[in-house]
Amino acid sequence: MKQKSGKYQKSSRGKSLIRLLAVLLCLSALLFGGMLFYAVRSQRQFRQLARQVHTETAAITVSPTETATDPAATETTLATQETQTATEATQPQLLPQYQALFEENPDFFGWLTIPDTKIDYPVMHSPDDPEKYLHADFDGQYSFAGTPFVDASCDLESDNILIYAHNMLDGSMFRSLLNYQEKTYWQKHPAILFNTLYEEQEYEVLAAFYDRVYYKTETCFKFYQFINAAGEADFDDAIANFREKSLYDTGVSAAYGDKLITLVTCAYHTDNGRFVVVARRK
């Protein structure tokens, strides 16, 4: 039997390589298409949620209180109001614009908005499953972009609430956060609105800087470990570190007792890089 010529073998190998490349191309196209599908679906969902929240917020009005003319009725009304006030003092009241979202998903923690930017998202919190929303949408369905979420160690009373989200190439999530590397951008966007389920809150940017996730053996200030201050000195040390790391001076500082939020996203200036924006509650 004659052996196949070298030319034939090369031709066969070439065809196999072409088939392999074609398969890889198809798989890449399917993967890209799937990611695009989830990204579009996720962004559509976020836009719908934002419209719902902002519409309900705008529709909220304070109803006038009726005046009782009967003395007995007046006493009853006052007693009822006093009871309600005492109850509200011990039990936080859910903001009406977030009632429906919280009923839909109890992981809903609040709403984050940086005016005149793409950042206008719900913020989730799942302490028992810390990275649940790293790749999940508001409904818990798979989404490569995920949903902004609060560090598992944080709660409403934390001195510093850390909020994480992806740096997406399509400009969504915390991609636009990196614009804070420019002082002119901060000057145009000095305020961050972060409403919890129970209170509307406004923050002012204190610092913006590049950093990274450190090895456990490295002894240095690690921004992501500052959640609750051990005391005034610990708080002051954290603020000093934030201001020292900042790319520019915002003129904003904070004193022990102030509340902070820290927004964090990936950056690629180094391995495990992060871009960080710290803001103080007004």
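# How the labels are earned

Me: The side chain of Asp137 reaches the backbone nitrogen of Asp139 at 3.0 Å. Why is that called a polar contact?

Reply: A polar contact is a pair of N or O atoms within 3.5 Å. Within protein, one atom must be able to donate a hydrogen and the other to accept it, and residues adjacent in sequence count only if both atoms are side-chain atoms. Here the distance is 3.0 Å, so the pair fits the 3.5 Å limit. Bear in mind that this is a predicted model, in which local features need pLDDT of at least 70 and side-chain atom pairs count only at pLDDT 80 or more, while totals for chains, interfaces and linings use all residues. Residues are numbered from 1 along each chain as its sequence is written, and side-chain values use heavy atoms, leaving out hydrogens and water.

Me: Is Asp137 buried or exposed, and how do you know?

Reply: Buried means under 20% relative accessible area, exposed means over 50%, and partly exposed is in between (1.4 Å probe, protein chains only). Asp137 has a relative accessible area of 4%, so it is buried. You'll find Asp137 in the loop between E2 and E3.

Me: Which residues is Asp137 in contact with, leaving aside its neighbours within four places in sequence?

Reply: Arg41, Gln45, Ser143 and Thr147. Contact just means heavy atoms within 4.5 Å.

Me: What makes E1, the home of Thr113, a strand?

Reply: Strands (E, at least two residues) and helices (H or I, at least four) are DSSP runs, numbered from the N terminus. E1 covers residues 108-113, so it is long enough for that rule. The protein holds five helices and eight strands, and along the sequence they follow the pattern α-α-α-β-β-β-β-α-β-β-α-β-β.

Me: Why does Thr113 count as buried?

Reply: Its relative accessible area is 15%, so Thr113 falls on the buried side of the cut-off. Its side chain makes polar contacts with the side chains of Asp120, at 2.8 Å, and Trp111, at 3.4 Å. Not counting residues up to four places away in sequence, Thr113 touches His54, Ile119, Asp120, Ile192 and Leu193.

Me: How do you know that the length of H5 agrees with what's expected?

Reply: The expected span of a helix is 1.5 Å times one less than its number of residues. For the 14 residues of H5 that gives 20 Å, and the end C-alpha atoms are 20 Å apart, so the two agree.

Me: Why say that the buried residues of H5 line one face?

Reply: Those residues are Phe235, Ala238, Ile239, Asn241 and Phe242. Seen down the axis, they fall within an arc of 160 degrees, so they line one face of the helix. The arc is that of the directions from the helix axis to the C-beta atoms. What covers them includes strands E6 (202-212), E7 and E8 (273-281). The face turned away from the buried side carries the exposed residues Ala233 and Glu244.

Me: Where is Ala255, and what makes it partly exposed?

Reply: Ala255 sits in the loop between H5 (232-245) and E7 (260-266). Its relative accessible area is 42%, so it gets the in-between label. Ala255 and Phe235 are 20 residues apart in sequence, with their C-alpha atoms 7.7 Å apart in space.

Me: What makes Lys132 and Asp107 a salt bridge?

Reply: A salt bridge is a side-chain nitrogen of Lys or Arg within 4 Å of a carboxyl oxygen of Asp or Glu. The closest N and O atoms of Lys132 and Asp107 are 2.9 Å apart, so the pair qualifies. Lys132 lies in the loop between E2 (120-124) and E3 (149-150), and Asp107 in the loop between H3 (99-104) and E1, so the pair ties together parts 25 residues apart in sequence. Lys132 counts as partly exposed at 33% relative accessibility, whereas Asp107 is buried at 17%.

Me: How many salt bridges does the structure hold?

Reply: Eight. Among them, Arg212 meets Glu218 at 2.6 Å, N to O, and Arg243 meets Asp249 at 3.0 Å. Arg212, at 23%, counts as partly exposed, and so does Glu218, at 24%.
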